[in-house]
Amino acid sequence: MKIRRRLLFRLSLLLALPVMGGAAEPKIKVLIVDGQNNHDWKRMTPWHRAQLEATGLFSVDVSTTPPAEVGWEAWRPDFSKYQVVLSNYNGRPWPEAVKFAFLDFVEKGGGVVVVHAANNAFSGWKAYDQMIGLGWRGPEYGRRLTVSESGAEEFHEPNDGPGAGHGAQWEFQVTSRDEGHPIMKGLPQVWKHGQDELYHGQRGPAENLHLLATAYSDKAKGGTGAHEPMVWWVPYGKGKVVTTLMGHVGPKNDAIQCAGANLITLRACQWVATGQVSLPVPAAFPTAEQSVILEK
Ligand code: ZN
């Protein structure tokens, strides 16, 4: 009798699980990689983690690179357990085995979201360049992409125009370049981002690059006078890689708190994992003239 009762108890637990879990959909598994960055990654990772978890769609783990030589070669994040790798990493090249595992992960369909200075990383790693399309590199490093006033994409050869840089920080407008894309759907065509660095002159192979948003880099702010790529994606193997350049974190402001930049990061994580986006545009969202900064 005892055994039978236990069995019944277990069965009832199993039956109750889907109800207790709420949503029938399993959560999307995200791994945030951090540990080195020229930005305060210790402030950035908790923000991204909390925002992802608050949607109820994601479960989040963090893999932090070892702080020093000790343990570096033994560091082995298991990418294969996840659907998304969110890179908050801008530091020394990963161990060869980790690079290999990362490529394998993306080739087999893993999703990657690269935020702000994570696109500065890994200069010289050709596969990473291919994946991100454009990175923070010198003018000789590769092609540059800008968008004309009429909306046409214009590619520039190496050494034609500037390499990577940014002018003063300011609140700039972000313009959607693919309003039908799930990540951009429902966002205003133009909206004002919170105070941030506006990266310009990004360089790379820029192959199979799908531009989602740009920002006008005003010369009066130390920019280029061109519409610079701000959000884009590149297919790599069976995987998808989204880069969003927004999200500087500094002593005066955390641009990751912009409601627009935040939504794009969240939607990018959902999209690279599932090919779909269900996250709605929140009621408090920037307009063309007014930015919206979320509370910490
Ligand atoms: Zn920055």
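Start with the aromatic rings: this predicted model holds 19 aromatic pairs.

Select Trp 75 and Trp 94. Their rings form an edge-to-face pair, 5.8 Å centre to centre, with 65 degrees between the planes. Now show the backbone around them. Trp 75 sits in the loop between strand S2 (58-64) and strand S3 (84-87), while Trp 94 belongs to the loop between S3 and helix H3 (96-107), so the pair ties together parts that are 19 residues apart in sequence.

Are these two rings buried or exposed? Trp 75 has 7% relative accessibility and counts as buried. Trp 94 is buried too, at a relative accessible area of 4%.

Next, select Phe 102 and Phe 105. This aromatic pair is stacked: the centres are 6.5 Å apart and the planes 25 degrees. Both residues lie in helix H3, three residues apart, which is about one turn of the helix. Phe 102 and Phe 105 are both buried.

Now widen the selection. Add Trp 72, Phe 79, Tyr 89, Phe 122, Trp 125 and Tyr 128 to the four residues already chosen, Trp 75, Trp 94, Phe 102 and Phe 105; ring pairs link them into a cluster.

Stay with Trp 72 and add Arg 92. What sits over the ring of Trp 72? The charged end of Arg 92 does, 4.1 Å from the ring's centre.

For the last stop, select Lys 240 and Trp 271. Lys 240 lies over the face of Trp 271, at 5.0 Å from the ring centre.

Note on methods: Residues numbered from 1 in each chain as written. Predicted model: local features only at pLDDT ≥ 70, side-chain atom pairs only at ≥ 80, totals over all residues. Heavy atoms only, no water. Phe/Tyr/Trp six-rings, centres within 6.5 Å; stacked < 30°, edge-to-face > 60°. Helix = DSSP H or I, 4+ residues; strand = E, 2+ residues; numbered from the N terminus. Buried < 20%, exposed > 50% of the residue type's maximum accessible area, 1.4 Å probe, protein only. Lys NZ or Arg CZ within 6 Å of the ring centre and 35° of its normal.
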